[in-house]
Amino acid sequence: MRLDDLQPALEAERFSLKATSRLPTQYGEYVLHVFEDADTQVEHIALVLGDIAGQGNVFTRVHSECLTGDVFSSQRCDCGDQFKLAQTLIRQEGKGVIIYLRGQEGRGIGITNKILAYGLQDGGLDTVDANLHLNLPVDNRKYEAAAAILKKLNVAAITLLTNNPDKVSSLLSHKILIDEIRPLQTEVNASNQSYLHVKKLKLGHWLSLEIL
């Protein structure tokens, strides 16, 4: 057996289920699972609505932690709006899963560096150039945790709610079957239009944008 064949099983063993509870929300009653990464001790969340085990076309949002957008309602990004839109679509579908990947703040550079990058953006740099100015990667995120959690949830195949082609290629490389890709188009505002245009033009995200 090749190492490539063993890799998915090894990744699945790395992420263990630590806690489960129901979570009533305004978008329906989820089951919340906490998974821990044995290598880093980072805890990731899976929010599951309905019966997804063994199912295909499961609406799935793989969401990177964003304190400023998800909690503080920042308008500098589209993260919080994407999260809410994903919940809305999953509620309409009647089942789905949101995997909330922690430790991925600022595309994986951490909250302190993210705020340093914000300061540089206020001075005129875009989000990509600000990271590079700080000698940081443009995007340091990994998605093996999401793939391992989907396998542990016994999801057969997914409809991925994303604008990010790198997320698609990463999940495919980890043997996740993707039936469909649905971009999450959210409202552009004066504070995030530059950020979104950089996502589209420099990072290749699937976005339809108009200049405000």
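Two strands are said to pair if DSSP finds at least two bridges between them. In this predicted model, strand 4 (residues 58–64) and strand 5 (residues 96–101) pair over five bridges, in the parallel sense. One residue shows the link: H63 has Y100 in strand 5 as its bridge partner. Strands of a sheet pair through backbone hydrogen bonds, either parallel or antiparallel.

This pair belongs to an open sheet of seven strands. The strand order is 1-2-3-5-4-6-7, and the pairing is mixed. Strand 1 (15–25) and strand 7 (178–182) stand at the edges. Each has a single partner strand, so one side of each is left without a neighbour in the sheet. From one strand to the next, the twist averages 25°.

Helices pack against these strands. Helix 7 (residues 144–152) packs on the sheet and touches strand 1, strand 2 (28–37), strand 3 (43–49), strand 4, strand 5 and strand 6 (158–161). The direction of helix 7 makes about 145° with that of strand 5. Helix 8 (residues 165–173) lies across strand 4, strand 6 and strand 7. Helix 8 runs at about 170° to strand 7.

The model also contains pocket space. The largest pocket holds about 210 Å³. It is lined by 16 residues, of which D37, H44, R102, Q104 and K142 are the closest to its centre. By class, the lining of the largest pocket has six charged, six polar and four nonpolar residues.

Terms used:
Residues are numbered from 1 along each chain as its sequence is written. This is a predicted model: local features need pLDDT of at least 70, side-chain atom pairs count only at pLDDT 80 or more; totals for chains, interfaces and linings use all residues. Side-chain values use heavy atoms; hydrogens and water are left out. On a 1 Å grid over the protein atoms alone, a cavity is a set of points where a 1.4 Å probe fits but cannot get out, and a pocket is an open set with protein on both sides within 12 Å along at least five of seven lines; lining residues have an atom within 4 Å of a point. Grid points are joined across faces, edges and corners, and a volume is the space filled by probe spheres set on the points. Ala, Val, Leu, Ile, Met, Phe, Trp, Tyr, Cys and Pro count as nonpolar, Asp, Glu, Lys and Arg as charged, and the others, Gly among them, as polar. Helices (H or I, at least four residues) and strands (E, at least two) are DSSP runs, numbered from the N terminus. Axes are lines fitted to C-alpha atoms, for helices over the stretch in contact, and angles run from 0 to 180 degrees between N-to-C directions. Contact means heavy atoms within 4.5 Å.
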